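Let's take a walk through this fold together, one spot at a time. Have the sequence and the 3D view open as you read.

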Amino acid sequence: MMIASGALALFLLGDAVVRASWSQMMLLAPWVLLALWLVYELSFSSFVRIDDSGVVVQNMLRRTQFGWRRVRDIDMRWQLEFALDDDRTVTAFGGPTRARPPKPTRSDREDGGVRVPAGLRDLTEIRDRWDGAQGADVDAPIRRTWDTPALVAIGVIAVWAAAAVAVVNIG
């Protein structure tokens, strides 16, 4: 989706240069880039990164980092959730999700196998990582920060859009 959105943005900006001029493209660019930024934030910026020292959860513009000792429980309602020792729950928008069990295939019916949904397999792997790390020295504090590069990008786009509006209104 991001590749298609980027290609569309390039096409629109290139078309503005061909049909109008570079100055017209510069006036249109912040609006196209704003749409591209929104696609990125809504579709791709959220993630969960797990390692031996702890977890990083980014939900759009907000990032939360914590060590394994800070985790009281890991569960999955609709999405992966970490219950922390400060009585807050961090829901991971970019992590595994609960889904319906997959439909059995012919080979499943023949051998009596049961297919486990991918989200539940991921939850099991994360819980195993957490269980294995509880004896290690993984006492990182809970840090909540903002996604600075994304905020800088939207700030630049907003200033550019305001300047474009001012230029159009002056001319």
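Before anything else, a word on naming: helices here are DSSP runs of H or I with at least four residues, strands are runs of E with at least two, and both are numbered from the N terminus. Keep in mind, too, that this is a predicted model.

With that naming in hand, start at Ser5, which lies in helix 1, the stretch covering residues 2-19. Is Ser5 buried or exposed? Its relative accessibility comes out at 18%, so Ser5 counts as buried, the cut-off for that label being under 20%. Leaving aside residues up to four places away in sequence, Ser5 touches Leu36 and Val39.

Next, have a look at helix 2 (residues 22-43) and helix 5 (residues 148-170). These two pack with their axes 8 Å apart, at an angle of about 150°. Because angles over 145 degrees count as roughly antiparallel, helix 2 is roughly antiparallel to helix 5. Their crossing is left-handed. If you want to see who meets whom, the helix 2 side includes Met26, Leu27, Trp31, Leu34 and Trp37, while the helix 5 side includes Ala153, Ile157, Trp160, Ala164 and Val168. Glu41 is also among the helix 2 residues that take part.

Now for the aromatics. How many aromatic pairs does a search of the whole structure find? Just one. The rings belong to Phe66 and Phe82; their centres are 5.4 Å apart and their planes sit at 65°, so the pair is edge-to-face, a label that applies to planes over 60 degrees apart. Phe66 is in strand 3 (residues 62-67) and Phe82 is in strand 5 (residues 79-84), so the pair links distant parts of the chain, 16 residues apart. Both Phe66 and Phe82 are buried.

Another ring worth finding is that of Trp146. The charged end of Arg62 sits over this ring, 4.5 Å from its centre.

Last stop: the loop between strand 5 and strand 6 (89-97), where you'll find Asp86. Its relative accessibility is 30%, so Asp86 counts as partly exposed; that label covers the range between the buried cut-off of under 20% and the exposed one of over 50%. Which residues does Asp86 touch, not counting those up to four places away in sequence? They are Ile142 and Arg144. You can also check Asp86 against Val71: the two are 15 residues apart along the chain, and their C-alpha atoms are separated by 9.2 Å.

Notes:
Residues are numbered from 1 along each chain as its sequence is written. This is a predicted model: local features need pLDDT of at least 70, side-chain atom pairs count only at pLDDT 80 or more; totals for chains, interfaces and linings use all residues. Side-chain values use heavy atoms; hydrogens and water are left out. Rings of Phe, Tyr and Trp (its six-membered ring) pair if their centres lie within 6.5 Å; planes under 30 degrees apart count as stacked, over 60 as edge-to-face and the rest as tilted. Buried means under 20% relative accessible area, exposed over 50%, partly exposed in between (1.4 Å probe, protein chains only). A charge sits over a ring if NZ of Lys or CZ of Arg is within 6 Å of the ring centre and within 35 degrees of the ring normal. Axes are lines fitted to C-alpha atoms, for helices over the stretch in contact, and angles run from 0 to 180 degrees between N-to-C directions. Angles under 35 degrees count as roughly parallel, over 145 as roughly antiparallel, 65 to 115 as roughly perpendicular and the rest as oblique. A crossing is left-handed if the near helix is turned anticlockwise from the far one by less than a right angle, and right-handed if clockwise. Contact means heavy atoms within 4.5 Å.
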